[in-house]
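Biologist: I'm new to reading models like this one. Could you pick a single part and look at it closely with me, then show me what surrounds it?

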Amino acid sequence: MTPAQIEIYPDRPALVARSLELVQECIKTAVAERGKCAIALAGGSTPKPLYEGLAKLDLPWANLHIFWGDERYVPVDHPDSNAGMAKAVWLDLVPIPPTQIHIMPTHFEQPEDAASAYETLLKDVLGYQPTFDIVLLGMGDDGHTLSLFPHTEAVTVSDRLVTVGNKDGEPRITLTAPVVNQSRCVLFLVSGSNKQPALKAVFSADADDLAFPSRTIRPEGELWWLLDAAAGAAVKTLPNVREI
Ligand code: 6PG
């Protein structure tokens, strides 16, 4: 496992600018080496300006495959849809072939069937052991990431690539930690002072993974934590943290 790169930026625009650079580099490398780039998108609010920025770039759109890390169990046109957000500010504005935009299904009666269907799709498109080139992640102020919420079953699932998350009884579809951990590059974007206590626990030596699921993300490839100063204030004295 490569040690995490933890960088603190003065504010959210600086954090977004850095994430744009890193995503562009990863896309260029993936397309040059493998002819395509598989990206799993984060939901929530923090990545939205990154997606808006990507929409303005000249990228090899025909070589991109877009997936999601997790999804709320709502239709794409619902205001809470992660896919709906990314489509509106980025994906509908650029010529990525529609067959290469892989939205998590939310129309099945049973969310378990949706999770299985997405697992099958991942294997069809990326092979039996799917390897994402980039996984974008956020972190909640409770330390959750994807839809791996504290003290829920999804956090410990190790025999599936996709499972059903549980947010206060609401079902979610989510990648599991093992599939994220076989990725080439994982990029956390974390902003806001409300995230300080969870970040402290995530970076501590002895906190509980089940209580702070972001700790379960330990990829074989690169791991980046991009924080703004408001979030990073609680961890800026740690040895491997760089203030930019
Ligand atoms: C979701 C996300 C979730 C998100 C965090 C952080 O669907 O909600 O995938 O894991 O990344 O909740 O959300 P914010 O960026 O809005 O703080």
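Modeller: Sure, we'll start with one loop, follow its contacts outward, and finish with the whole chain.

A quick word on the ground rules. This is a predicted model, so local features need pLDDT of at least 70 and side-chain atom pairs count only at pLDDT 80 or more, while totals for chains, interfaces and linings use all residues. Residues are numbered from 1 along each chain as its sequence is written, and side-chain values use heavy atoms, with hydrogens and water left out.

Our part is the loop between β5 (134-137) and β6 (162-167). Those labels come from DSSP: helices are H or I runs of at least four residues, strands are E runs of at least two, and both are numbered from the N terminus. Find Leu146, which sits in this loop. Its phi is positive, about 45°, even though Leu146 is not a glycine. Most residues other than glycine have a negative phi. Leu146 counts as buried because its relative accessible area is 7%. Here buried means under 20% relative accessible area, exposed means over 50%, and partly exposed is in between, using a 1.4 Å probe and protein chains only.

Now slide along to His151, which also belongs to the loop between β5 and β6. His151 is not a glycine either, yet has a positive phi of about 60°. Is His151 buried or exposed? It's exposed, because its relative accessibility is 56%. Thr152 is in the β5-β6 loop as well, but at 14% relative accessibility this threonine counts as buried. If you skip residues up to four places away in sequence, Thr152 touches Asn166 and Leu210. Touching, or contact, means heavy atoms within 4.5 Å.

So which loop holds Ala211? That residue is in the loop between α6 (196-203) and β9 (222-228). Again leaving out residues up to four places away in sequence, Ala211 touches Asp142, Pro150 and His151. Look at Ala211 and Asp142 in particular: they are 69 residues apart along the chain, and their C-alpha atoms are separated by 8.2 Å. Ala211 is itself buried, since its relative accessible area is 17%.

Step back along the chain to α6, where Ala198, Leu199, Ala201, Val202 and Phe203 are buried. What do the buried residues of α6 pack against? Their partners are β1 (5-9), β8, β9 and α7 (229-232). An α-helix has 3.6 residues a turn, so residues three or four places apart point the same way.

At the other end of our loop, Val162 belongs to β6, which spans 162-167. Val162 leads us to Ala115, in helix α4 (residues 111-126). The C-alpha atoms of Ala115 and Val162 are separated by 5.4 Å, with their positions 47 residues apart along the chain. Not counting residues up to four places away in sequence, Ala115 touches Val162, Thr163, Val164 and Ile173. Ala115 is buried because its relative accessibility is 3%.

The strand β5, where our loop starts, also helps to cover another helix. In α2 (residues 48-55), the buried residues are Leu50, Tyr51, Gly53, Leu54 and Ala55. Their cover includes α1 (12-34), β2 (37-41), α3 (82-89), β5 and β8 (185-190).

Two of those covering strands let us check some cysteines. A disulfide is a pair of cysteine sulfur atoms within 2.5 Å, and a search of the whole structure finds zero of them. Cys37 is in no disulfide, and the nearest cysteine sulfur, that of Cys26, is 7.2 Å away. For Cys185, also in no disulfide, the nearest cysteine sulfur is again that of Cys26, at 3.5 Å. Cys37 is buried, with a relative accessible area of 0%, and Cys185 is buried too, at 4% relative accessibility.

Finally, zoom out. The protein chain has seven helices and ten strands, and its C-alpha atoms fill a box of roughly 45 × 40 × 35 Å along the principal axes. Buried residues make up 54% of the 244 residues. Among contacts with a separation of 6 or more, 76% are between residues 24 or more positions apart. Ala211 and Asp142, touching at 69 residues apart, are one pair you can pick out on screen.
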